[in-house]
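Trainee: I have a model open and would like to go through its geometry, its packing and its charged pairs. Can we take those in turn?

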Amino acid sequence: MRKHSLLSFYVKCVLISLPFICLLVFYIVKDPFQVLRQYDDYDHNPVSQNEGCVSWIKYKRYRNVRHYDSFIFGNSCTKAYQSTDWLHYVSGSPLRMFANNESLGGVEEKLEALDRQPRQPVRNVLIVLEPSSFNYEHNDFMHVMPPEVSHKSEISFQTEFLQGFFSPKFLGQYIRYTVFHCDPKKVRGAINVDLPNHTRYTNDAVLPQERRIAAMGEAYWKQDFWKPILSKKRYPKTLAPTVCNSTEQIELLKNIHDICKRHHTNLKVVISPKITYEIINPNDVKVMRQILGPNTVYDFSSKEYFWMDDYHNFYDGGHYSRGLAKKILAVIYGYERK
């Protein structure tokens with residue numbers, strides 16, 4: 001009787017764990033985040049990626065061929081900055097090493113990792129952030145960096161992605177897309193609609209919005225997703241100070257400065273304009289300029305640049321256009337082309 005009870009217990013344990021085992025095998029086979037194996041192509045994955053991780057993988061994969069020495073760091077607003085446009089003002093071999101909702105700590109972590117690489121010059125750095133970038137740090141799987149960057153163990157690194165896979169927010173949408181072939185537009189956030197989403201070597205963003213604007217004209221800004229943005233009256237809002245009141249943020253800025261000083265880096269920092277008129281606190285800008293140096297930090301969120309907040313300069317409520325980025329580059333590099 002005891003043996004029968006024990007056997008029944010084991011059978012129940014197997015049956016209970018069977019769904020988890022099946023999903024684990026599914027994860028290993030699919031490798032949705034492209035972190036279990038190496039790939040030749042990181043630009044056509046329909047799954048929304050940890051962009052910082054992908055950027056680093058590309059850097060390691062192509063550095064001996066491309067000899068990277070110039071880097072664009074920051075959040076998704078970096079999509080507006082194309083390498084060909086940047087190279088009008090700087091000389092070098094560029095790579096966009098960004099992350100969605102990037103924080104100052106994320107930028108510092110990547111720059112510090114580059115500094116540790118043997119014989120790695122850091123000739124030019126362009127950091128693109130927004131007023132709210134200094135208000136948060138991330139600990140989720142969409143921002144964890146490889147062990148070489150983050151100093152995490154390989155087990156800890158892989159566990160982050162496995163936990164992310166099993167999170168209800170991701171898993172439900174991923175199964176809808178892969179198993180039930182749901183329209184990608186219905187599972188935005190987990191699945192990319194437009195592919196490829198980057199260029200192979202420079203990691204520049206591919207910009208389908210440019211094509212749509214050319215085809216639609218003014219109708220582009222009359223789409224449903226624009227209505228809640230344009231229907232609201234916009235009032236300037238200066239954020240509370242964050243950088244000048246944070247020892248941690250100040251230390252990050254000092255480390256960025258020291259690394260760039262060692263490499264004689266041409267450093268530029270852009271605080272992006274916001275269609276919502278969100279302004280970074282002037283005291284934060286003052287502290288950043290004191291630490292990083294003169295002619296380094298450019299605050300395009302300020303009232304001086306509100307002319308940039310014309311909705312025609314934006315792809316959506318959070319991302320501005322390549323055309324506006326070109327104007328910003330002209331301002332920060334003093335209209336001098338190399």
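Mentor: What follows is a walk through backbone oddities, cores, cysteines and salt bridges. Keep in mind that this is a predicted model.

Trainee: Backbone to begin with. Which peptide bond is cis?

Mentor: The one from Leu195 to Pro196, where omega is near 0 degrees. Pro196 sits in the loop between helix H7 (168–178) and helix H8 (208–216). As background, most peptide bonds are trans.

Trainee: What about phi? Which residue in the loop between helix H2 (51–66) and strand E1 (70–74) should I look at?

Mentor: His67 is in that loop. Its phi is positive, about 55 degrees, although His67 is not a glycine. Most residues other than glycine have a negative phi.

Trainee: Is His67 buried or exposed?

Mentor: His67 counts as exposed, because its relative accessibility is 54%. Look at His264 as well: phi there is near 55 degrees, again positive in a residue other than glycine. His264 belongs to the loop between helix H10 (247–262) and strand E5 (266–271). With a relative accessible area of 70%, His264 is exposed.

Trainee: Switching to packing. How many residues are in the largest nonpolar core, and which touch the most other members?

Mentor: That core has 37 residues, and Phe71, Phe73, Ile127 and Ile256 touch the most other members. Elements giving two or more residues to the core are H2, E1, strand E2 (94–98), helix H4 (104–116), strand E3 (124–129), H10, E5 and helix H11 (282–292). H10 supplies the largest share, six residues.

Trainee: What does Phe73 touch?

Mentor: Leaving out residues up to four places away in sequence, the contacts of Phe73 include Met97, Val107, Leu111, Leu114, Val125 and Ile127. Thr78 and Lys110 are also among them.

Trainee: Which residues are in the second core?

Mentor: The second core is separate and has 31 residues, among them Trp86, Leu207, Trp221 and Tyr305.

Trainee: Cysteines, then. How many disulfides does the structure hold?

Mentor: Zero. Two cysteines to look at are Cys182, which counts as buried at 14% relative accessibility, and Cys260, buried at 5%.

Trainee: On to charges. How many salt bridges are there?

Mentor: The structure holds 13. One of them joins the side chains of Glu130 and Lys274, at 3.3 Å from N to O. Glu130 lies in the loop between E3 and helix H5 (147–150) and Lys274 in the loop between E5 and strand E6 (278–279), so this pair ties together parts that are 144 residues apart in sequence.

Trainee: Are Glu130 and Lys274 buried or exposed?

Mentor: Glu130 is buried, at 11% relative accessibility. Lys274 is buried too, with a relative accessible area of 12%.

Trainee: Which other pairs are worth displaying? I had Asp194 and Lys152 on my list.

Mentor: Asp194 pairs with Arg212 in a salt bridge, 2.7 Å from N to O. Asp194 is in the loop between H7 and H8 and Arg212 is in helix H8, so the pair links distant parts of the chain, 18 residues apart. Asp194 is partly exposed, with a relative accessible area of 27%, and Arg212 is partly exposed at 30%. Lys152 forms a salt bridge with Glu160, the closest N and O atoms being 3.6 Å apart. In that pair Lys152 counts as partly exposed at 32% relative accessibility, whereas Glu160 counts as buried at 16%.

Trainee: Which residues are linked in a network of salt bridges?

Mentor: Asp40, Arg61 and Arg200 are linked that way.

Trainee: One more. Why does Asp31 have no salt bridge, given where Arg37 is?

Mentor: Arg37 is the nearest side chain of opposite charge, at 4.2 Å, and a salt bridge requires the nitrogen to be within 4 Å of the carboxyl oxygen, so the pair does not count. Asp31 is buried all the same.

Trainee: What does the side chain of Asp31 lie close to, then?

Mentor: A polar atom of the Asp31 side chain lies 3.2 Å from the backbone nitrogen of Leu36. Asp31 itself is in the loop between helix H1 (2–30) and H2. Beyond its neighbours within four places in sequence, Asp31 is in contact with Leu36, Arg37 and Tyr39.

Terms used. Residues are numbered from 1 along each chain as its sequence is written. This is a predicted model: local features need pLDDT of at least 70, side-chain atom pairs count only at pLDDT 80 or more; totals for chains, interfaces and linings use all residues. Side-chain values use heavy atoms; hydrogens and water are left out. Helices (H or I, at least four residues) and strands (E, at least two) are DSSP runs, numbered from the N terminus. Buried means under 20% relative accessible area, exposed over 50%, partly exposed in between (1.4 Å probe, protein chains only). Lys and Arg count as positive and Asp and Glu as negative; His and the chain ends are not counted. A polar contact is a pair of N or O atoms within 3.5 Å; within protein, one must be able to donate a hydrogen and the other to accept it, and residues adjacent in sequence count only if both atoms are side-chain atoms. Contact means heavy atoms within 4.5 Å. A nonpolar core is a set of buried Ala, Val, Leu, Ile, Met, Phe, Trp, Tyr and Cys residues joined through side-chain atoms within 4.5 Å. A disulfide is a pair of cysteine sulfur atoms within 2.5 Å.
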